[in-house]
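Me: Please take a close look at one buried salt bridge and at the elements that surround it. I would like one connected account that follows the contacts outwards from there.

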Amino acid sequence: MKRNLTVKGMTALALALAAPLAMGEVSVEEYRAMLADKDANPGFLVIDQGEALYKTKRGPKNASLEKCDFGLGPGKLKGAYAQLPRYFKDTKRVQDVESRLLSCMVTLQGFDEAEIKKKLYADQRYNESNTELEMLAAYVGYQSNGMKINPPLKHPAEKEAQKVGEAYFWNRHGPMDFSCATCHAEDGKRVRLQGLVNVYNKKDIQATMTTWPTYRVSHGVVRNMQHRMWDCHWQMRTPDIDYGSPATVALISFLTHQAKGGTYDLPGMKR
């Protein structure tokens, strides 16, 4: 899955990276247009890294992740991400792509979950590269590019996760007494120049959910939905939410069902 960024793409990328430092010379509309240029998306490089990790035998069991079941059968990736989160019999819980990857790295490859969780996200403050989990999530997600969001809602646990996710979305908590709905339940809200998605606006939520995992220009790395959940909680000044926890998966389940029918356009690229 090797790709080369075009000269046009590299030029657009350079301009996009420079734009935050020169917003007086580049309009917001021009900046967003630069970000929309697929040829300039470094996320493709991260996807390639994820593919190599997925196929390489690693860990105490010297195994690859090629037998990991994301819901369509072991090793079947085409369209799997488009049907997540979903219930898995082996773990007896609803999982998204990141929590499922974590389970497979533990069961198939023999990695220690606690050790993996010591480094979940690249820290942009230190110009770090993407973590292995971020690379893998980008690769698995990309295998559903161009497909419709269509998570199942048949198993009782899937129905419960969707309902719990919406209840959590409205739950006010933390020192600022915020909920997810404080920012994301009405049209027209924004923080500075950044428009905020309304999850009850079908067009809004589809445009958002269909572009994750996404390359964040301001971070210099690809981010996934588990990071989005963590970052939102950090901005609300609440304690760190656990990676792949039932709470994060329930929230992602709710958001994904709100965006059902949207077409994945991956990798995304945002400010």
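Reply: Arg-223 and Glu-134 are both buried, and since what follows describes a predicted model, each distance and accessibility below should be read as a value computed from that model. The two residues form a salt bridge in which the closest N and O atoms are 2.8 Å apart. Because Arg-223 belongs to strand S6 and Glu-134 to helix H6, the pair ties together parts that lie 89 residues apart in sequence.

Consider the helix side of this pair. Helix H6 spans residues 132-142 and is mostly covered, with 10 of its 11 residues buried. Glu-134 is one of these, and the others are Leu-133, Met-135, Leu-136, Ala-137, Ala-138, Tyr-139, Val-140, Gly-141 and Tyr-142. The cover over the buried residues of H6 includes helix H3 (43-55), helix H4 (97-107), helix H5 (113-116) and also S6, the strand in which Arg-223 lies.

The strand side leads into a sheet. Strand S6 belongs to an open sheet of three strands, ordered S6-S5-S7 and with mixed pairing. Strand S6 (221-223) and strand S7 (268-270) are its edge strands, each of them pairing on one side only. Averaged over the sheet and with direction ignored, neighbouring strands are turned by 35° against each other. Strands in general pair through backbone hydrogen bonds, in either a parallel or an antiparallel manner. Here S5, made up of residues 214-216, runs parallel to S7 and is joined to it by three bridges, and Tyr-215 stands opposite Met-269 of S7.

Helix H3, named above among the elements that cover H6, is also connected to H6 through aromatic side chains. The model has 10 aromatic pairs by the rule applied. In one of them, the ring centres of Phe-44 and Tyr-142 are 5.8 Å apart and the ring planes stand at 90°, so this pair is edge-to-face. Since Phe-44 lies in helix H3 and Tyr-142 in helix H6, the pair ties together parts that are 98 residues apart in sequence. Phe-44 and Tyr-142 are both buried, as are the two partners of the salt bridge between S6 and H6.

A further aromatic pair, Phe-169 with Tyr-200, is likewise edge-to-face, at 6.1 Å from centre to centre and 75° between the planes. This pair links distant parts of the chain, 31 residues apart: Phe-169 is in helix H7 (residues 156-170), while Tyr-200 is in the loop between strand S4 (194-195) and helix H9 (202-209). Phe-169 has a relative accessibility of 2% and therefore counts as buried, whereas Tyr-200, at 36%, counts as partly exposed. Together with Trp-170 and Phe-254, Phe-169 and Tyr-200 form one aromatic cluster.

To set the central ion pair beside others in the model, the count of salt bridges comes to 12. Another of them joins Lys-55 to Glu-51, with the closest N and O atoms 2.8 Å apart; both residues lie in helix H3, four residues apart, which is about one turn of the helix. An α-helix has 3.6 residues a turn, so residues three or four places apart point the same way. The accessibilities within this pair are 43% for Lys-55, which therefore counts as partly exposed, and 13% for Glu-51, which therefore counts as buried. The side chains of Lys-119 and Glu-128 also meet in a salt bridge, at 2.8 Å from N to O. Lys-119 is partly exposed, with a relative accessible area of 41%, and Glu-128 is partly exposed too, with a relative accessible area of 27%, in contrast to Arg-223 and Glu-134, which are both buried. Glu-113, Lys-117 and Asp-242, in turn, are linked in a network of salt bridges.

One polar side chain further along the sequence completes the account. Thr-238 lies in the loop between helix H10 (225-235) and helix H11 (246-258), and at 9% relative accessibility it counts as buried. A polar atom of the Thr-238 side chain lies 3.0 Å from the backbone oxygen of His-233. Leaving aside residues up to four places away in sequence, Thr-238 touches His-173, Gly-174 and His-233.

Note on methods:
Residues numbered from 1 in each chain as written. Predicted model: local features only at pLDDT ≥ 70, side-chain atom pairs only at ≥ 80, totals over all residues. Heavy atoms only, no water. Helix = DSSP H or I, 4+ residues; strand = E, 2+ residues; numbered from the N terminus. Buried < 20%, exposed > 50% of the residue type's maximum accessible area, 1.4 Å probe, protein only. Polar contact = N/O pair within 3.5 Å; in protein donor to acceptor, adjacent residues only side chain to side chain. Contact = heavy atoms within 4.5 Å. Pairing = 2+ DSSP bridges. Axes fitted to C-alpha atoms, helices over the stretch in contact; angles between N-to-C directions. Salt bridge = Lys/Arg side-chain N within 4 Å of Asp/Glu carboxyl O. Phe/Tyr/Trp six-rings, centres within 6.5 Å; stacked < 30°, edge-to-face > 60°.
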